[in-house]
Amino acid sequence: MENDRQPILSVRNLKTNFFTDEGIVRAVDGASFDVRLGQTLGVVGESGCGKSVTALSILRIVPRPGRIVGGEILLRRLTEDGYEREVALTSLGENSQEMRSIRGAEIALVFQEPMTSLSPVHTIGNQIIEVARLHRKVSKQEARQMAVELLRLVGIPRAETAIDAYPLQLSGGMRQRALIALALSCDPRLLIADEPTTALDVTTQAQILDLLRSLQEQRGMAVILITHNMGVIAEMADQVVVMYLGQVVEEGSVDDVFNASKHPYTQALLRSIPSIHSTPKAQLPTISGTIPHPYNRPAGCPFHPRCPDAISGVCDRHEPQLLSVGDEHQVSCFLYHPPSTENEGSFN
Amino acid sequence: MSAVNEERIFVASQWRLMWWRFRKHRVAVVATVGVVAFYLVVLGADFFAYTDPNTTEAYRSLMPPQPIRFFDDGKLSPHVYGVVGKRDLTTFRRVYEADPSQKVKIRFFVRGFKYEFLGFIPADRHLIGVEGAQVEESLFILGTDSLGRDVWSRLMYATRTSLTIGLVAVALSLLLGVLLGGISGFYGGVVDNTIQRLIEILRSIPTIPLWMGLAAAVPRQWSVEQIYFAITIVIALRGWTGLARVVRGRFLSLREEDFVTAAELAGCSRKRIIFRHMVPSFQSHIIAAVTLAIPAMILAETALSFLGLGLRPPAISWGVMLQQAQNIETVALSPWLLVAALPVVVVILAFNFMGDGLRDAADPYGV
Amino acid sequence: MFAYFARRGVLAIFTLWAVTVLSFIIIQLPPGDFVDAYMAQLAVMETDVSEQQMEAMRRQYALDRPIHEQYLRWMGNMFRGNFGTSMLWKQSVLDVIGDRLAMTVVVSLGAVLLTWAIALPIGIYSAVRQYSIGDYAFTFVGFIGLGVPNFLLALLLMYLGFVLYDANIGGLFSPEYQLEPWSWGKVRDLLYHLPLPALIIALSGTAELIRIMRANLLDELRKPYVITARAMGLSERRLILKYPVRVALNPFVSTIGYLLPYILSGSVIVSFVLSLPTLGPILLGSLIAQDMFLAGTIILMLGSLTVIGTFISDLLLMWIDPRIRFGMVQEG
Ligand SMILES: Nc1ncnc2c1ncn2[C@@H]1O[C@H](COP(=O)(O)OP(=O)(O)OP(=O)(O)O)[C@@H](O)[C@H]1O
Ligand SMILES: [Mg+2]
C-alpha cells in the first residue's frame with residue numbers, strides 16, 4: 001500500500017521539560033522520528049536519556065511538573081468512514097475527549113514495570129473489560145469474552161480462569177503478557193512498549209519479544225520498542241533511534257545503525273554488547289565518564305565530554321544538527337557535518 | 001546553586017542542616033517562638049501574676065473581667081474602674097458594677113506579694129500592679145472564679161503546672177521509650193516480640209479510661225507534690241509506647257547500616273555501640289517525636305484534672321481551672337471560666353506545628 | 001488467608017486476655033479492698049460492723065485468697081455473666097450498665113463513620129489537588145480539629161447552645177423519651193440527637209486520618225498502574241476513584257485499630273460533658289467513688305470493644321484486599 005510509506009506517527013523536534021524546584025530538567029530536548037505501520041521503531045539510549053518521557057509525551061500524559069514545551073506530534077488516525085486524517089496531538093488538550101479517545105484505542109502503552117503496572121486489587125479481567133468497554137460499545141459479557149480471547153492470544157494458559165486472577169497470582173512474565181493483552185484490548189494501530197522485558201529473566205524475555213513480534217505481524221501495528229539493550233534492538237527493530245540526553249543523535253535502519261554506525265555514542269554502545277566472537281573473560285569496553293546531570297547539560301554537543309573523537313573548539317561550542325548521511329540515515333555529529341555559521345552560538 | 005553554597009552544605013553538621021531545613025517552615029518557626037514564650041511564663045509565673053493565686057474572698061466571687069481603659073483625658077494612662085458588688089435579692093447572685101468615679105491606675109514592675117524567683121531569689125516585683133490601692137481588691141483583668149480568686153494570676157500558675165507536667169511526663173516516657181524501644185530494636189527476636197505485644201495491648205485500650213483507672217488509685221490524702229508525680233507516672237505509663245515505636249523503628253533501620261557494623265567489627269561493646277554510635281545518630285528524630293508527644297501529655301493532665309481525677313486543689317493547672325466550668329449553667333453566666341481552654345488549644349497547636357517542622361527537618365525524605 | 005485469619009484471631013484473644021488482666025489490676029490498685037470500701041460506706045451511714053463480719057465478707061468474696069485465685073474467680077464469675085456488685089448503686093454491675101454499653105457502641109460507631117465520611121473525601125481532594133488553596137485550607141481546618149480537645153469543643157458548643165438558643169444540646173434523647181422503653185419514636189429521637197456528639201468525638205481523629213489518606217493516595221498516584229490506566233484513556237476522575245483510591249483505601253480501613261481507642265477514649269470524656277447515657281459518665285462516677293468492680297468492668301468493656309473492632313477491621317481488610325487474602329503481605 002502506498003499509504004504505508006507515510007508515517008502513522010511523526011514526532012518533530014519534541015521538547016519536554018520538568019520544571020522542578022531545583023531547576024529545569026530538559027528530559028526531551030528536540031527529538032524527531034517517524035513510525036510506520038507494520039514497522040518496529042527501536043529507541044535506545046542509556047538510563048535517563050528521556051525514552052520514557054518521550055513515550056509519555058506522545059500519549060500526552062507527562063506528569064507534573066513536566067510539560068511539552070515545543071515541537072509537534074502528528075498522528076494519522078482512521079475516521080469513522082475509513083479515511084485517514086492527521087491530528088496534531090500537541091494541539092489537543094491533555095484531558096480532552098479526543099485525546100482520551102486516542103489513548104488506549106489508537107496508541108497503547110506497555111509500561112516498563114510489569115510488577116506494578118497493573119492494579120494489585122483488581123482482577124486482570126476487571127481491568128481489561130473496563131478499557132474494552134470504554135472505547136467500544138460492547139456488553140459486559142462480550143467484553144469478557146474478548147478479554148478471554150486476548151489472554152489466550154498473548155499465551156496465558158487457562159485464560160478462562162486467569163481472567164479472574166489478581167496480578168499477584170501471576171508470575172512476572174504472565175503479568176507482562178496480561179499487560180500486553182490490556183494494551184491490545186482496543187486494537188491499537190500503534191503500540192509503545194517501554195522496556196517490556198527489562199524486569200524479566202532471559203528466557204521469559206525471549207518469549208515476550210517473540211510474542212510482540214508475532215502480534216505485530218498478525219495485526220500490522222506500528223510498534224515503538226524502547227530499550228537500552230542493543231541486542232533487543234538488533235533482533236526486533238526495523239528502524240532505530242539512538243537517544244542521548246533527550247536528543248536523537250543517530251537514526252536509521254537497523255542495518256545502517258549496526259553496520260555503518262556514524263555517531264561515536266552509537267559506536268560505543270555497540271562495542272559494549274557482549275558477542276560470541278569476543279575473547280572470553282576480556283573486559284567489555286565501557287563508555288567513559290557518566291551521564292551528566294540533566295540540570296547542567298554541557299554546552300555544545302551533549303556527548304562531547306565523553307566523546308573520544310571530540311573536536312575541541314567545535315564540539316564544545318556548537319550544537320550539531322540531525323542531518324542526513326545516507327538514504328534515511330541521519331546523524332547529529334560534527335565529524336560528518338562541520339558547523340556552518342548559522343549554527344554559531346545556539347546555546348539554549 | 002553556586003559551588004560555594006554547595007561546599008557549605010557539604011561540610012554542614014547534621015544540626016546545622018536540620019536548622020536550615022527547619023527555618024524554611026515559617027509556621028514551625030512561629031510556633032517555636034510561641035512555645036518559648038509559654039515557657040517564659042513557666043519560669044516567671046509569680047512575676048506575671050499580680051495576686052496570690054490562692055487568696056479567696058467570698059464577696060468577690062465570679063466577678064467578670066474588667067475592661068482595661070488605655071486613655072485618660074486623651075493621655076495614655078491605662079486604668080480600670082473600681083468595682084462595687086452587691087447581692088441581687090431575687091437571684092441571690094452577686095452582681096458587680098463598675099464605678100467610673102473610681103479610677104485605678106495600672107502600673108508596671110510594681111511591688112506586690114513576695115515570692116522566690118526561680119525558686120530561690122527572693123523578690124516582690126510583678127509585671128503589673130495598681131497605684132494607690134490594694135491590687136487584690138481592685139484589679140481583675142480576667143475576672144474571678146467562684147471562690148473569688150483572680151483568674152489571670154491563677155492562669156499564670158496553671159501554665160507553670162500544666163507545661164512542666166507535660167515535660168516531666170515526656171521525660172519519663174522518653175526514658176521508658178528509649179530503653180524498651182532500644183532493647184526491642186537492638187536485640188530483636190523474642191524480646192522484640194514481647195515488647196511489641198505489650199505496646200500493642202497498651203495502645204489498644206482507650207487512653208482516657210486507662211488513665212482514669214490508674215489515676216483513681218492515687219490516694220486522696222497525698223500531698224500536691226506526690227499527686228503531681230503520681231499523675232506524671234500514670235501518663236507516662238501509656239505515653240512511652242509511641243516513643244518506643246519511633247526508637248525501635250530507627251534502631252531497626254540503623255542496625256543494618258555500615259557504621260554500626262564497623263563499630264561491631266572494631267570490637268565495641270553493645271552498650272557502647274548503642275550510646276556512642278546509635279543514639280546520637282537519631283537524636284534529631286527523637287527530638288521531633290518528643291515534641292509531637294508533649295501536647296498529648298499536656299492534654300492528658302488537663303483532661304484528668306478536668307474530670308477531677310488528676311491534680312486536685314490547691315494545685316492549680318489548666319484542667320483544675322476548667323473543672324469550675326463543668327457545670328453549663330455556671331459557664332453560661334460566667335464564660336470567663338473557660339479562659340483556660342485558650343492556652344490549651346494554643347499550646348497543643350504550637351507543639352504540633354513545631355513538631356511537624358522538626359520531623360520534616362530531621363527526615364526530609366520520610367513520610 | 002487462613003494463616004492471616006488465625007494469626008489475627010490469636011492476637012485478638014491474647015489482647016483480650018491482657019485487657020482482663022489490666023482491668024483486674026485497676027480494680028486492685030486502690031489501697032484497701034472491696035470490704036474496706038464497703039465498711040467506709042457503712043461507717044458514713046453510722047452502721048457498726050464487727051471484725052468477724054468483715055472477715056466473713058472477705059471470705060465470701062474470696063478476698064483472703066491469693067491474688068491469682070481472686071483473678072480466676074473474677075474471670076469465672078464473668079463467664080457466668082456475674083460482673084460483681086456496684087457499691088455505689090447497690091445493684092449488680094450489669095444492671096447499672098444496662099443499655100449504656102449499646103449506647104456507647106452506637107455513639108462510637110457513629111463517630112467512626114463520620115470520621116471516615118469526612119476524612120475520605122477531604123483526603124482524596126487534598127492528594128489530587130496537592131498544594132492547592134483547598135489543600136491548605138483543609139490542612140488548616142484539620143489542625144484546628146487536632147488542636148481543640150474534643151471535651152473543650154463540647155463545652156464550647158454547650159455554652160453556645162445555651163447562650164444563643166437557650167437550649168441544652170447535651171444528651172441523646174429528648175426529655176419525653178428519656179425513660180421510655182424502646183420504640184420507633186425513641187430510635188428516631190436518638191438519630192436526631194446523635195450527629196452532634198458523634199461529630200464532636202469524630203473531629204479530633206479526622207485530622208490524622210486525612211493526613212494518612214492524603215499520604216497514602218499521594219504514594220499510590222505515582223505508581224505505574226495509574227500511568228497504565230491513564231494511558232488507556234480513562235478519564236482522570238474515573239481512574240483515580242477506581243484505582244489509586246481503591247488501593248489507598250486498604251491501609252485506611254486498617255486505621256480503625258488506631259481510631260477506635262481514640263474515639264472510645266474521646267467518647268468517655270465528651271459523654272461526661274454532654275451527659276450522654278453511655279459508659280463514660282458512670283465510669284467517672286464509679287472511679288471517684290472507688291466503686292472498683294463497676295469501674296473495672298467498664299474499662300474491660302471499653303478495651304474489649306476496641307479489640308473486637310480491630311479484629312473486625314482485620315477481617316474487613318482481608319475481604320477487600322486480595323494481597324492479604326492470598327497471603328502475599330503479612331500485615332495490612
Ligand atoms: N517526574 C519527573 N520530575 C522530574 N524529572 C523527571 C521526572 N520524570 C523524569 N524526569 C527526568 O527526565 C529524564 C528522562 O527520564 P526518563 O524516565 O525518560 O528516562 P529513561 O530514558 O526512560 O530511563 P530508564 O532507562 O531508566 O527508564 C531523567 O533525567 C529524569 O530525571
Ligand atoms: Mg524509562
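**Backbone geometry and the ligand 1 site in a predicted model**

In chain B, B:Pro314 is located in the loop that connects helix H12 (283-307) with helix H13 (318-323). The structure described here is a predicted model, and within it the bond that links B:Pro313 to B:Pro314 is a cis peptide bond, for which omega takes a value of about 10°. Chain B as a whole contains 15 helices and 4 strands, and its C-alpha atoms occupy a box of roughly 85 × 55 × 35 Å when the principal axes are used as the frame. Of the 367 residues in chain B, 50% are buried.

A cis peptide bond is also present in chain A, where the bond leading from A:Arg64 to A:Pro65 has omega near 0°. A:Pro65 belongs to the loop that runs between H1 and strand S4 (66-78) of chain A. Such bonds merit separate mention because most peptide bonds are trans.

Helix H1 of chain A, which precedes the loop holding A:Pro65, also takes part in the surroundings of ligand 1, and with 3 residues H1(A) gives the most to the shell. In chain A, at least two shell residues are supplied by each of strand S1 (9-20), strand S2 (23-35) and helix H1 (51-58). Ligand 1 is surrounded by 16 residues, the closest being A:Ser47, A:Gly48, A:Ser52, A:Val53 and A:Glu195. When the shell is divided by residue class, 7 residues are polar, 6 are nonpolar and 3 are charged.

Polar backbone atoms of chain A approach oxygen atoms of ligand 1 at several positions. A polar backbone atom of A:Val53 is placed 2.9 Å from an oxygen atom of the ligand, while for A:Gly50 the corresponding separation between a polar backbone atom and an oxygen atom of ligand 1 is 3.1 Å. In the case of A:Cys49, a backbone N or O atom is found 3.2 Å from an oxygen atom of ligand 1. Ligand 1 exposes 630 Å² when taken alone, and 72% of that area is buried by the protein. The space that ligand 1 takes up corresponds to the second largest pocket.

A:Glu195, one of the closest residues to ligand 1, has a positive phi of about 45° although it is not a glycine. This residue is placed in the loop between strand S7 (190-194) and helix H7 (202-219) of chain A. A:Glu195 is classed as buried because its relative accessibility, 5%, is under the 20% cut-off.

A positive phi likewise occurs in chain C, where C:Ser275, which is not a glycine, has a value of about 40°. C:Ser275 is part of the loop between helix H14 (256-273) and helix H15 (279-288) of chain C. With a relative accessibility of 48%, C:Ser275 counts as partly exposed, whereas A:Glu195 is buried. The sign of these angles is noted because most residues other than glycine have a negative phi.

Elsewhere in chain C, C:Ser174 lies in the loop between helix H8 (150-165) and helix H9 (184-193). C:Ser174 has a relative accessible area of 13% and is therefore buried. Although C:Ser174 and C:Tyr192 are 18 residues apart along the chain, their C-alpha atoms are separated by 9.4 Å.

Methods: Residues numbered from 1 in each chain as written. Chains lettered and ligands numbered in written order. Predicted model: local features only at pLDDT ≥ 70, side-chain atom pairs only at ≥ 80, totals over all residues. Heavy atoms only, no water. Near = heavy atom within 4 Å. Polar contact = N/O pair within 3.5 Å; in protein donor to acceptor, adjacent residues only side chain to side chain. Areas by Shrake-Rupley, 256 points an atom, 1.4 Å probe, with all protein chains shown as cover. 1 Å grid on protein atoms, 1.4 Å probe; cavity = no way out; pocket = protein on both sides within 12 Å on 5 of 7 lines; lining within 4 Å. Sits in = over half its atoms within 2 Å of the grid points. Nonpolar A, V, L, I, M, F, W, Y, C, P; charged D, E, K, R; others polar. Buried < 20%, exposed > 50% of the residue type's maximum accessible area, 1.4 Å probe, protein only.
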